[in-house]
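Open the model in your viewer and switch on a cavity display. This tour goes from one enclosed space to the next.

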Amino acid sequence: MGRVFLTGVTGFVGRYVAARLLARPDVEGLDVLVRARDEAHARERLLDSMTHAVSPDDAPELVARMTPIIGDLRRDRFGLDEEAWHALAGRTTHVLHGAANVRFDQDLEDARSYNVFGTEQAALLAREAKGRGGLDRFDWVGTAFVAGLRRDRVLESELEHAAGWKNPYEQSKYEAEQWLRAHAADLPLTVFRPSIVVGDSSTGATTNFGMLYWPIRLYAKGWWRTVVGSAETPVDIVPVDFVADAIDALSQPGQPVGATYHLTSGVEGAVTIGALAQLAQDFFGGRPARFADPDFFMTWVRPVVDLFIWGPKRRVLRQGGRFFIPYMSGNPLFDNTETTAALAAHGVEVPQVREYFSNLLAYAKSTDFGKKPAETPPA
Ligand SMILES: NC(=O)c1ccc[n+]([C@@H]2O[C@H](COP(=O)([O-])OP(=O)(O)OC[C@H]3O[C@@H](n4cnc5c(N)ncnc54)[C@H](OP(=O)(O)O)[C@@H]3O)[C@@H](O)[C@H]2O)c1
C-alpha cells in the first residue's frame with residue numbers, strides 16, 4: 001500500500017489521473033498540490049475540478065479522500081514550511097508530478113519558473129522521500145513536443161536535439177526533462193510524454209479548447225476555412241481518458257521504472273491536418289477547407305486580413321494564429337513502440353482518431369466550444 005503525492009489535479013489531465021488513482025486498491029491516500037487561500041478554498045477548487053472528470057454525484061466522495069497540500073510550483077519546497085514538507089516526504093511513496101504552466105504565450109523565464117523550477121521541487125520531495133526509505137516511484141508528465149521543431153520520427157529513447165522549439169513552453173519542458181536526466185538518475189523516474197491531449201473519447205468532454213479546437217471553431221462558425229499549413233502535416237492527438245489510463249496502468253506497483261513513454265497515436269496512428277479538416281467538414285457540413293503556404297500567407301494574405309477583418313473575429317484569428325499555426329506547418333512523428341508494448345499487458349490500446357473524433361466535435365458544438373455548460377455531465 002502506498003501514498004501518492006499528485007500535482008496538477010485541478011487541471012485537464014490531472015483530474016482524470018486522480019480519479020483513476022483513487023479507484024486503485026494499492027493507493028491508501030492521495031496528497032494533492034493545490035493553489036488556494038485555505039483548505040476550504042482548496043476543497044472547493046478540487047470539487048469543481050473533479051466534476052469535469054467524474055459524475056457530479058461521485059465527485060464529493062473522491063474529493064473527501066484527497067488531502068489538499070496548499071502550495072505553488074514556483075516557491076521553494078512548494079512554499080511549505082519545514083514541518084509540513086518533512087511530514088509530506090515522510091509519508092509519500094509515489095510522486096506523480098503533472099502540474100505545469102502550459103500557456104504558449106509566456107516568456108521563457110516565466111515558463112521555466114513553473115516547469116523547470118517546479119520539476120526541481122518535485123524531485124527534491126522525491127529524493128527526501130527516498131532518503132526516508134519510502135519512495136517506490138517518481139512519475140513525471142512531460143510532453144512529446146520536447147522534440148520541438150524536429151520533423152522526423154522521434155523515438156521514446158531520444159531527447160537531445162538542436163532543432164529548436166515552437167514556443168517557450170516546449171523549451172521549458174525540454175529543459176525540465178533534461179534537468180531530470182542529469183540530476184534525478186538516482187530516483188525511480190518514469191517519464192510520460194503525451195502528444196496533443198483532446199477530450200474524452202466517449203463523451204468528447206474537455207475543458208481545454210486550445211490547439212486543435214481553434215481552427216475547428218473558426219471553421220464551425222463559418223468565420224474562416226483557410227488552414228495556414230499543409231494538408232499533409234501529421235497531427236498526433238490522444239484523448240484524455242487514454243492518457244490517464246496509460247499513466248494509471250504504467251505507474252502501478254511492480255511496473256518497471258526508468259522508461260520514457262510516448263502517450264501518442266504513433267507513426268501509424270497519427271492523422272493529417274487534411275484528414276481532420278475532412279472529418280470536420282463531414283460533421284459541420286461546411287465548404288472544404290483551403291490550405292495556404294505559411295510564408296506566402298504571412299507575407300501576402302495576412303496584411304489584407306488585418307485591413308478587412310475587425311472585432312472579435314480578428315482577435316480570435318490573430319491570437320490563435322500566432323500560437324497554433326506552427327503546429328499546422330510541420331510536426332514530428334512520435335514513435336510509441338515501447339508504450340504500446342507495455343500497455344498491451346494491461347489491455348490498454350491507443351484509440352483510433354476516426355473512431356472518436358465526432359464525439360469531440362459533438363461536445364465542442366453542444367458547449368459552443370466551452371462557452372456554455374455541457375448538456376450531459378461526464379459519466
Ligand atoms: N494538454 C495537453 O495537450 C498536453 C500535452 C502534452 C503534455 N501535457 C502535460 O500534461 C500536464 C498537464 O497538462 P494539462 O493540459 O492538464 O494542463 P492544465 O489543464 O493547464 O493544468 C495544469 C495544472 O498545473 C497546475 N499548476 C499550474 N501552475 C501551478 C503552480 N504555480 N503551482 C501549483 N500548481 C500549478 C494547475 O493548477 P491551477 O488550477 O491552480 O492553475 C493545474 O492543476 C502538463 O505537465 C503538460 O505539460 C499536456
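How do the residues of the lining of the largest cavity divide into nonpolar, polar and charged? The split is 20 nonpolar, one polar and one charged. Keep in mind that this is a predicted model.

**Stop 1: the whole structure.** Scan everything before zooming in. The search finds three cavities of 30 Å³ or more. Two of them are visited here.

**Stop 2: the largest cavity.** Its volume is about 330 Å³. Select Leu212, Pro215, Ile216, Val227 and Met328: of the 22 lining residues, these are the closest to the centre. Now colour by element. Those giving two or more residues to this lining are α8 (213-220), β9 (226-228), α11 (273-284) and α14 (326-329). Pick out α8, which gives the most, with five residues.

**Stop 3: the second largest cavity.** Here the space is about 140 Å³. Select Phe297, Leu317, Arg318, Gly321 and Ile325, which lie nearest the centre among the 14 residues of the lining. Next, show β9, α12 (294-308) and α13 (311-324), the elements that give two or more residues to this lining. Which element gives the most to the lining of the second largest cavity? It is α12, with five residues. Finally, colour by class: you should find eight nonpolar, two polar and four charged residues.

**Stop 4: back to β9.** Leave β9 selected and show both linings. This strand gives two or more residues to the lining of the largest cavity, and also two or more to that of the second largest cavity.

How values were computed: Residues are numbered from 1 along each chain as its sequence is written. This is a predicted model: local features need pLDDT of at least 70, side-chain atom pairs count only at pLDDT 80 or more; totals for chains, interfaces and linings use all residues. Side-chain values use heavy atoms; hydrogens and water are left out. On a 1 Å grid over the protein atoms alone, a cavity is a set of points where a 1.4 Å probe fits but cannot get out, and a pocket is an open set with protein on both sides within 12 Å along at least five of seven lines; lining residues have an atom within 4 Å of a point. Grid points are joined across faces, edges and corners, and a volume is the space filled by probe spheres set on the points. Helices (H or I, at least four residues) and strands (E, at least two) are DSSP runs, numbered from the N terminus. Ala, Val, Leu, Ile, Met, Phe, Trp, Tyr, Cys and Pro count as nonpolar, Asp, Glu, Lys and Arg as charged, and the others, Gly among them, as polar.
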